[in-house]
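Biologist: Could you take me through one part of this protein slowly? I'd like a close look at the place where the two domains meet, and at the ligands too.

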Amino acid sequence: MADAPILVTGGAGFIGSNLVDALLARGYAVRVLDNLSTGKRENLPQDARVELIVGDVADADSVRRAVQGCRAVVHLAAVASVQASVDDPFGTHQSNLIGTLNLCEAMRESGVKRVLFASSAAVYGNNGEGHAIDEDTPKAPLTPYAADKLASEHYLDFYRRQHGLEPVVFRFFNIFGPRQDPSSPYSGVISIFTERAQKGLPIAVFGDGEQTRDFLYVADLVEVLVQALESPEAVEGAVNVGLNQATSLNQLLVAIGDVLGGLPKVSYQAARPGDIRHSRANNARLVQRYRLPEPPTDMREGLAKLLGL
Ligand code: NAD
Ligand code: UD1
């Protein structure tokens, strides 16, 4: 097993490709399963230790082939846009739930145990409004995206109890950094705002801009994921991944303006239906089990790195 690769589903995407870089730097071989829907070949380095399988997690045979002979799995493949799931619940369900189930089955068949899963703060809906959300907060998935993430967690827990899988469930809050694709209106807000600001194009804020998110720089997230892969035990129970810091979109725009030395025109438009108002992680469990970089990357530093400054 010494040279057995780590499988990263969705490894050609934003978080996945940053993780692939970190795994290679630590000497691992990596296999990527990705349908290149939002991910890109160019996100992966030219390195003999990286194998790319272009395939869909909704296809059981592709998943079986990808899992065979791996030492562990990081399951990131999904349609990451909440809004895309509102527009196309059935289509996104194939990636976001059936993909997880295919993976569980393939792991059961091949005896691979450890799997890290990218769940989301979206499972809490608006229940955390006004305070830091801990993992026991009642779940209130407001969108098909959130429902599929929560259901995936339950399937992984079933395979843990019934078949001895070792799932480690992370509920990511809002991650940002290099290679987050800005090209669709569904992309992460920081990737859209920074790209438009750099090009001098007008920026649209949906709502009054006072909604808040807990933004974490991708390199800090990746450090946690590597620790979870290397940890001898998979501790039960989901773990929030965020900094316990609320930043409003209006504050974010000020920070981008500071880093770039100015901002283009900003307009305020109707809020997105189902949009969560305030989202901030209680990260006590995270810092108890894992080491975040000390100090974590701050917003302006992360923006400067993202903008290549
Ligand atoms: P991304 O779109 O850059 O990455 C997703 C990757 O999965 C892409 O490479 C895409 O091509 C691939 N993919 C999508 N559907 C697939 C399918 N059916 N079969 C195979 N590959 C498929 O997005 P990201 O931000 O890197 O998100 C990675 C994971 O983290 C996702 O599961 C997402 O839901 C989760 N997540 C992200 C955030 C965030 O703030 N970015 C927050 C919470 C959870
Ligand atoms: C994001 C992630 C989702 C994750 C969730 C966890 C993406 C694309 N989405 O969803 O995968 O599960 O965090 O917390 O990575 N906005 C604008 N203008 C724009 C774009 C967005 O005002 O041009 C607003 C949105 O209405 C929202 C906020 O910015 O209020 C954040 O939006 P977005 O980056 O899409 O993230 P989430 O919906 O929080």
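Modeller: Here is the domain contact, followed by the two ligands.

Some ground rules: this is a predicted model, where local features need pLDDT of at least 70 and side-chain atom pairs count only at pLDDT 80 or more, while totals for chains, interfaces and linings use all residues. Residues are numbered from 1 along each chain as its sequence is written, chains are lettered from A and ligands numbered from 1 in the order in which they are written, and side-chain values use heavy atoms, with hydrogens and water left out.

The protein splits into domain 1 (6-175 + 216-241) and domain 2 (178-213 + 245-280 + 298-306), with bounds from an automatic or database domain assignment. Their C-alpha centres sit 25 Å apart. Domain 1 puts 26 residues into the contact and domain 2 puts in 15, counting heavy atoms within 4.5 Å.

The area buried between them comes to about 1,800 Å², with carbon and sulfur atoms giving 50% of it; that is the accessible area (1.4 Å probe) that the two parts lose on being put together, summed over both. On the domain 1 side, Phe14, Gln83 and Tyr217 lose the most area to domain 2, together 28% of what that side buries.

Now the polar side. There are 2 salt bridges between domain 1 and domain 2, meaning a side-chain nitrogen of Lys or Arg within 4 Å of a carboxyl oxygen of Asp or Glu. Arg179 forms a salt bridge with Asp21, and their closest N and O atoms are 2.8 Å apart. You also get 7 residue pairs in polar contact between the domains, both residues at pLDDT 80 or more; the cut-off is a pair of N or O atoms within 3.5 Å and, within protein, one must be able to donate a hydrogen and the other to accept it, with residues adjacent in sequence counting only if both atoms are side-chain atoms.

On to the ligands. Ligand 1 is surrounded by 29 residues, and Asp34, Thr38, Asp56, Leu76 and Tyr145 are the closest; a residue is counted if one of its heavy atoms lies within 4 Å. The side chain of Asp56 has an N or O atom 2.8 Å from a nitrogen atom of ligand 1.

Around ligand 2 there are 23 residues, the closest being Ala80, Ser120, Tyr145, Val189 and Asp275. A polar side-chain atom of Ser120 is 2.5 Å from an oxygen atom of ligand 2, and Asp275 likewise has a polar side-chain atom 2.5 Å from a ligand 2 oxygen atom.
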